[in-house]
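Colleague: I'm new to this structure and would love a close look at one part of it. Could you start from a single residue and then lead me outward?

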Amino acid sequence: MNAPRQIPFARPWITDEDRKAVADVLEGHILTHGPQCKGFESEFAAFMGEGAHCVTVSSCMAALHLSYLHFGIGPGDEVIVPAQTHTATAHAVEWVGATPVFVDCDLQTGNLTPQGIAAAITLRTKAISVVHFAGIPCDMPAIMALATQHGLKVVEDCAIALGARYEGRHVGLFGDTGCFSFYPVKHMTTGEGGMFVSRHETVAQAVSRLRAFGVDRTHSERSLPGMYDVPSLGLNYRMSEMQAALGRSQVRRLKDILAKRAELFGRYRRLLGAMKGVRLVDSTNPKAASSHYCVSVVFEPPYSANRDEIVMRLNVAGIGTSIYYPQPVPRMTYYRKKYGIEPSKFSNASHLSDHSVALPLGMHLENADVDLIVATLSDILKSLSGPEGGRRD
């Protein structure tokens, strides 16, 4: 019996050009504090568009942490955070001593809504953490209007939203800061790494110093080698030259990457649209252009209770999957023990976490792969249905 064809959930797209870019750095003697990071910052800013000021960092969470540190947010302050997100979004708030105030999401898109945010604002609220779930842009004009009204900072977690735009403007350029991830399964990768972005040049300049020990001048700015001052505390959240070289090579292909993801997502949308009991997490706003990070499928009746079995059977068939996200953050042990928030407050986030699966999407797929994935899912669902199409108990 032949083994099933293996289709991984995600796979980094590494080319010979990428390998050469990294090898060229290793042929030299500058592995950090060099020109690759500067070049990557400039090229990433050019991709994002007018007004982007970029700083390379070691991860997206580093960018989030730096955002709150820069704005002086800490103990006694509250930050509004989506319940439906990666734990890093909330961890960054915890690490500065502030309190995350979790808010439920919209069931269709997985995003925060202006109404949900407005209901959570208190006198202690200092910032709104916005996550563009699955690469679907939030309603940023409405959220920014709320922030302006209440004098709040807005930190955009764009970890899975590279390429997402609202009315043509890239996410991350609406709020005060935008935080991007280059983890291997993202749209592009530097192995590990991230980018801090701000439309405020002074903010980017300050964070550039903060991510490098608080040192007041870069190597190129020192008139006497080795001489500098440290006027403030800082961290070591720098990106290496090898990572930046890989990022520069990859960012040149971003338009092709985004175009193929959009094409494959459209194929999924057409094929899944005919399935009963299956709903695709998708944008509902014509002004919002998704980055198409993944294909998140939500199982409705009669399959709601079968998610785990469906996932296992997809995996047995050679189809890799993931879940975005395995639990709402306030249900996870650390946050549950610390804050003890009633899970029923996050019914939409719980529904998405408990009844969804993320299917493969990326440069490693072709149209035939999408067809096979959807056909396999269809066969699994049919096998779970009785004569009337309902779930077999």
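What is the relative accessible area of His33?

Modeller: Happy to help! This is a predicted model, in which local features need pLDDT of at least 70, side-chain atom pairs count only at pLDDT 80 or more, and totals for chains, interfaces and linings use all residues. Residues are numbered from 1 along each chain as its sequence is written, and side-chain values use heavy atoms, with hydrogens and water left out.

His33 has a relative accessible area of 41% and is therefore partly exposed (buried is under 20%, exposed over 50%, partly exposed in between, with a 1.4 Å probe and protein chains only). To find His33, look in the loop between helix H1 (16-27) and helix H2 (helices, H or I, of at least four residues and strands, E, of at least two are DSSP runs, numbered from the N terminus). The backbone is worth a look here too: phi of His33 is positive, about 60°, although the residue is not a glycine.

Ala134 makes a good companion to look at. Its phi is near 55°, again a positive value in a residue other than glycine. Ala134 sits in the loop between strand E4 (125-131) and helix H6 (140-150). With a relative accessibility of 7%, Ala134 counts as buried.

Now go back to His33 and follow the chain into helix H2, which covers residues 35-48. The axis of H2 comes within 8 Å of the axis of helix H8 (residues 241-251), and the two cross at roughly 30° (axes are lines fitted to C-alpha atoms, for helices over the stretch in contact, with angles from 0 to 180 degrees between N-to-C directions). H2 and H8 are therefore roughly parallel to each other (under 35 degrees; over 145 is roughly antiparallel, 65 to 115 roughly perpendicular and the rest oblique). On the H2 side, the contact (heavy atoms within 4.5 Å) is made by Pro35, Gln36, Cys37, Gly39, Phe40, Glu43, Phe44 and Phe47. H8 brings Glu241, Ala244, Ala245, Gly247, Arg248 and Val251 to that contact.

Another helix pair lies further along the chain. The axes of H10 and H13 come within 10 Å and cross at roughly 135°. That makes H10 oblique to H13. In this pair, Ile310, Arg313 and Leu314 of H10 meet Thr376, Leu377, Ile380, Leu381 and Ser383 of H13.

Stay with H13 for a moment. Its buried residues are Asp369, Val370, Ile373, Val374, Thr376, Leu377, Ser378, Ile380 and Leu381. The elements covering them include helix H9 (254-272), E10, E12, H10 and E13.

Helix H12 (residues 347-355) has buried residues as well: Ala349, Ser350, Leu352, Ser353 and His355. Among the elements that cover these are strand E10 (278-280), strand E12 (295-299), helix H10 (307-316) and strand E13 (356-359).

Finally, look at the loops on either side of H10. Pro302 is found in the loop between E12 and H10. A cis peptide bond joins Pro301 to Pro302, with omega about 15°. In the loop between H10 and helix H11 (333-339) you will find Tyr325. The peptide bond from Tyr324 to Tyr325 is cis, and its omega is near 0°.
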